[in-house]
Amino acid sequence: QLQFVESGGNLVQPGGSLRLSCAASGFTLDDKAIGWFRQAPGKEREQVSCISMTGGTTWYAESVEDRFTISRDNSKNTVYLQMNKLKSEDTAIYYCAAAIVFCTYGTGDGYEYWGRGTQVTVSS
């Protein structure tokens, strides 16, 4: 069974930064593209980023581009999401998931083995 553990969520002030981690246990992630998603109360899930299995290709939603950076460290079996200049509208539960074949973009179709999520709250 594939397992993911998201961590790094916290309460931060607007303009602050957080680094989220998506760690895999029981398997390796180096053969899977990984996506980051978020869902706020009353809103549909949205994709914020994706990284190819080699790390050579990345994608960001327009709402987070130039503020978020996705990366991976295969030696640690972990994918990261560095979030800078956080805004209140970034408040959500953040999830990672494995692409079934390659990065696709939307609400989560084409992904599986979702993590449980980590809460990010941006507030004064």
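In the predicted model, the hairpin of β5 and β6 has six residues between its strands. Within this hairpin, G55 takes a positive phi near 85°. The two strands, β5 and β6 (residues 58-60), pair in the antiparallel sense, and three bridges join them. In this pairing, S49 stands opposite Y60 of β6.

On the β4 side, β5 also takes part in an antiparallel pairing, here over five bridges. The hairpin of β4 and β5 has six residues between the strands, and G42 in this hairpin has a positive phi near 80°. The bridge partner of W36 in β5 is S49. S49 therefore faces W36 in one pairing and Y60 in the other. Strand β5 is mostly covered, with five of its six residues buried.

The largest nonpolar core holds 27 residues. Those that touch the most other members are F4, I34, W36, V79, L81, M83 and Y94. At least two residues of this core come from each of the strands β3 (18-25), β4 (34-39), β5 (46-51), β7 (68-73), β8 (78-83), β9 (92-99) and β11 (118-122). Apart from this core lies another, made of seven residues, including A33, F37, A97 and Y111.

The surroundings of L81 were examined residue by residue. With neighbours within four places in sequence left aside, L81 is in contact with L18, R19, L20, W36, V48, S49, F68, T69, I70 and Y94. W36 and Y94, two of these contacts, are also among the core residues that touch the most other members. S49, the bridge partner of W36, is in contact with L81 as well.

C22 lies in strand β3. With a relative accessible area of 0%, C22 is buried. Residues up to four places away in sequence not counted, C22 touches F4, V5, L29, W36, N77, T78, V79 and C96. Among these, F4, W36 and V79 belong to the group that touches the most other members of the largest nonpolar core. C22 and T121 are 99 residues apart in sequence, and their C-alpha atoms are 18 Å apart in space.

Two residues other than glycine have a positive phi and are described here. N77, which is touched by C22, has a phi of about 55° and lies in the loop between β7 and β8. The relative accessible area of N77 is 13%, so this residue counts as buried. K85 has a phi near 50° and is placed in the loop between β8 and β9. The relative accessibility of K85 is 51%, so K85 counts as exposed.

Aromatic rings were considered next. A pair of such rings is described by the distance of the centres and the angle of the planes. The count of aromatic pairs comes to four. In one of them, F37 and Y111, the ring centres are 4.9 Å apart and the planes are at 80°, so the pair is edge-to-face. F37 lies in strand β4 and Y111 in strand β10 (residues 111-112), so this pair ties together parts that are 74 residues apart in sequence. F37 and Y111 are both buried.

Another pair is formed by F37 and W114, with ring centres 4.7 Å apart and planes at 55°, so the pair is tilted. This pair also links distant parts of the chain, because F37 is in strand β4 and W114 is in the loop between β10 and β11, 77 residues apart. F37 has a relative accessibility of 0% and counts as buried, while W114, at 29%, counts as partly exposed. F37, Y111 and W114 together form one aromatic cluster. Two members of this cluster, F37 and Y111, also belong to the core of seven residues.

Charged side chains were found over two of the rings. R45 lies over the face of W114, at 4.1 Å from the ring centre. R19 lies over the face of Y80, at 3.8 Å from the ring centre. R19 is also one of the residues in contact with L81.

How values were computed: Residues are numbered from 1 along each chain as its sequence is written. This is a predicted model: local features need pLDDT of at least 70, side-chain atom pairs count only at pLDDT 80 or more; totals for chains, interfaces and linings use all residues. Side-chain values use heavy atoms; hydrogens and water are left out. A nonpolar core is a set of buried Ala, Val, Leu, Ile, Met, Phe, Trp, Tyr and Cys residues joined through side-chain atoms within 4.5 Å. Buried means under 20% relative accessible area, exposed over 50%, partly exposed in between (1.4 Å probe, protein chains only). Helices (H or I, at least four residues) and strands (E, at least two) are DSSP runs, numbered from the N terminus. Contact means heavy atoms within 4.5 Å. Two strands pair if DSSP finds at least two bridges between them. Rings of Phe, Tyr and Trp (its six-membered ring) pair if their centres lie within 6.5 Å; planes under 30 degrees apart count as stacked, over 60 as edge-to-face and the rest as tilted. A charge sits over a ring if NZ of Lys or CZ of Arg is within 6 Å of the ring centre and within 35 degrees of the ring normal.
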